[in-house]
Structure formats: structure tokens, C-alpha cells
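This note sets out, point by point, what may be read from the structure displayed below. Please keep the sequence at hand while working through the points.

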Amino acid sequence: MFALRLSRGAAVVATIALLCAVAVGLASSTSSARTDEEGRFQLRADISARFISTWVSETLARERTVATAELSGKTASPDAFKNINESFGFQAAVLLDNLGEVLDVSPDRGDLIGRTIAPQYPHLTAAESGRPAVSNLAMSAAQGLPVVGFATPYNTPFGLRVYSGAYQLGSTPLADYIANAIPLPGHRAFLIDANGVVLTSSFSLSDGSAHKLTTVDRPLATVLASGASHGTFSDTGGDWYFSTLSVAGTPWHIAVSVPASTLYSPVSGAIFWTTWGLFALFCAGVGAGLLLLFRYIDRRRDLAALNGE
């Protein structure tokens, strides 16, 4: 009798160990699936950062090509300057000569002609040293509009010149791209400069003023200030997952976030509960099968005992 109880105990322990192993495997699979969702989200952020970097570099390259062709004369043509600005769709632009003095400016500001303004704008200073550069959000020289400047140096027979056009990024196709960069409902996306100012975002923000991320999305701004590149943070209504990356060739970075419930929905919704529900049914089935096996053994033992009598 003792041996029989011992064998039954061993069977129960073995069965429990097997079920625990299966449960651990399922839990590991769920955790791995969540990690995969995070990886895909980070990949989308990386693709967005690369796209923006490419757009910036192509804009600077086109500026250099066009300026070299149209603005290399001894006296730069005002009509050519105006046409270039309009073709790019710039809200503001400036042309500097080899001494760093203003040759032309848009919108028109005659009082700026001949003045040296580069020291007020780091991206113009960089371009004067021969390096194409983009700015953080800055106020345009002519009208004080909050814009982002794209400054490119180019060589002429009369020395190095700098052409810099400026956009309010919210009015460019880049704004539409940012708004739709992450194909998940409820996502937030921001292009942010080195000073924490939002250049464009998935929100509708006025182009007429500067918006700090701390006022637009304080929880995200707080977690970015910690230096984390991805992870979770809490906001009103629940947890969010975020990812942020630098945009190569610029002082900017992109930050995207999404409700954690949305990100993990493929592995935590119906599929998740169905999987664990089936496991629960499997456990019940194994338990029932083990019980039936024990009853069968008991009946065989009782029958053998009766036959022996």
C-alpha cells in the first residue's frame, strides 16, 4: 500500500512539474512576443529618424545646386533669389557674401542689407566655415517668425557664399509624415530640437509660436530628460511605451509614444486569453485523466484481491 501511494505521489509530482514547464514556456513566449512588439515599434522610430535625416540632407544638397547655378554672379539677382525661395516654399531666406554680410533677405528688409548677422545664428556660423547645417527653432531675421533654417555654403568666383532658407516645419510635407509615421491608433510623435522645442508633431500646434515639449507632453518630456532611449512611462489613463532617436546631421531628435495597451494588444488580447484558457483546459484534462487512471488502477487492484479470495 505504501509503495502504491509513493508511486501515485511521484506521478502527481511529475505531472505538476510537466505542467509548470509548459506554463513557464507559455510565459516566456508571451514575454518574447511583447519584446518583439517593442522591437517593431523602435524600428518604426528608427525608420522615421532616417527618413527625416535624408530629407534634410537632400534639401541642403538641392539648395547648394540651385544657389550655385543661380546666385553666383558678382551681384546676386533679386529675381533669382525670389524665385528660388518660392520654388522651395521657404517662409524666410537670407543670402550672405564671402564676408558674412547680407546680400539679400526675404521677406524684404532693406535695413539688413550689408549687415553681419551670422553670429546670431549658429547654423549660419557653421555654414560660413564650410559646413552645411540646420538650426534649432529660431526667429527669422526679417519678421521674427519661428522657423528652422537650412544653411548651405557654396563656392563662387567671388568667394564662399551662404544661402539659407527657412521653413515653419508644420507647413511642410514633413509634418504629414510625422503625423502618420506610426500606424498605431492613439500614438504621439514629436520632432524636437536641442532646446526641447517641438518643431512639428502629430498634434495640431500653432506655427506662430514656440511650443516646449514640457508644456505639450510633460510626462514624455520628463522621461526623455532622464536620458532613456526607450521604455515605459505613466500618464493619465495608463502606461505608455516610447522610443526616441537622434536625427543624423541635425541637432534634432524624434520621440514617439503609444499606449502600452495598444502596443501589446496583439499579444495580450484575445490571443493571450485564448492561449491561457486552452492551457487551463489542458491542465483540467490532465488532472481528470490522472484521476481516472488512479481509479482504474484501484479497480484492477480490488478485482485482483477478490479473485485471490
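1. **Overall composition.** The secondary structure of the protein consists of nine helices and eleven strands. The reader should bear in mind that the model is predicted. The protein has 309 residues, of which 39% count as buried. Its exposed surface comes to about 16,100 Å², and carbon and sulfur atoms supply 59% of that area. Among contacts between residues at least 6 apart in sequence, 55% join residues at least 24 apart.

2. **A buried residue of helix H1.** Val56 is found in helix H1, which covers residues 2–70. Residues under 20% relative accessible area are called buried. Val56 has a relative accessibility of 2% and therefore counts as buried. Leaving aside neighbours within four places in sequence, Val56 is in contact with Val134, Phe150, Thr250 and Trp252. Val56 and Val247 are 191 residues apart along the chain, and their C-alpha atoms are separated by 9.5 Å.

3. **Strands E1 and E2.** These two strands pair in the antiparallel sense over four bridges. Within this pairing, Leu95 has Asp104 of E2 as its bridge partner. The hairpin of E1 and E2 has five residues between the strands, and Gly100 takes a positive phi near 85° there.

4. **The loop between E2 and H3.** Pro107 belongs to this loop. The peptide bond that joins Ser106 and Pro107 is cis, with omega about -10°. Leu112 is found in the loop between E2 and H3 as well. Is Leu112 buried or exposed? Leu112 counts as buried because its relative accessibility is 4%. From C-alpha to C-alpha, Leu112 and Val94 are 9.9 Å apart in space, and 18 residues separate them in sequence.

5. **The second largest pocket.** This pocket has a volume of about 180 Å³. Its lining includes Asp104, Val105, Ser106, Pro107 and Asp108. Thus Ser106 and Pro107, the residues joined by the cis peptide bond, are also among the residues that line the second largest pocket. Helix H2 (78–88) and strand E2 (102–106) each supply at least two residues of this lining. Which element gives the largest share? The largest share comes from H2, with six residues. By type, the lining of the second largest pocket divides into five nonpolar, two polar and five charged residues.

6. **The cavity.** How many cavities of 30 Å³ or more does a search of the whole structure find? The search finds one. About 170 Å³ of space lies in the largest cavity. It is lined by 21 residues, and the closest to its centre are Val94, His123, Ser140, Ala141 and Ala166. The elements that give two or more residues to this lining are strand E1 (92–96), E2, helix H3 (122–128), strand E4 (138–139), strand E5 (146–156) and strand E6 (159–167). The residues that line the largest cavity divide into 14 nonpolar, seven polar and no charged. E2 thus contributes at least two residues to the lining of the second largest pocket and two or more to the lining of the largest cavity.

7. **The two faces of strand E9.** In a regular strand the side chains alternate between the two faces of the sheet. Strand E9 (residues 230–235) shows such an alternation. Gly231, Phe233 and Asp235 point to one face and are buried, while His230, Thr232 and Ser234 point to the other and are not.

8. **Strands E9, E10 and E11.** E9 pairs with strand E10 (residues 238–246) in the antiparallel sense over six bridges. Two positions may be picked out from this pairing. Thr232 stands opposite Tyr241 in E10, and Asp235 has Gly238 of E10 as its bridge partner. The hairpin of E9 and E10 has two residues between the strands, and Gly237 takes a positive phi near 100° in this hairpin. E10 also pairs with strand E11 (residues 253–259), again in the antiparallel sense, over seven bridges. In that pairing, the bridge partner of Ser246 is His253 in E11. The hairpin of E10 and E11 has six residues between the strands, and Gly249 takes a positive phi near 80° there.

Technical notes:
Residues numbered from 1 in each chain as written. Predicted model: local features only at pLDDT ≥ 70, side-chain atom pairs only at ≥ 80, totals over all residues. Heavy atoms only, no water. 1 Å grid on protein atoms, 1.4 Å probe; cavity = no way out; pocket = protein on both sides within 12 Å on 5 of 7 lines; lining within 4 Å. Points joined across faces, edges and corners; volume = space filled by probe spheres on them. Nonpolar A, V, L, I, M, F, W, Y, C, P; charged D, E, K, R; others polar. Buried < 20%, exposed > 50% of the residue type's maximum accessible area, 1.4 Å probe, protein only. Contact = heavy atoms within 4.5 Å. Areas by Shrake-Rupley, 256 points an atom, 1.4 Å probe, with all protein chains shown as cover. Pairing = 2+ DSSP bridges.
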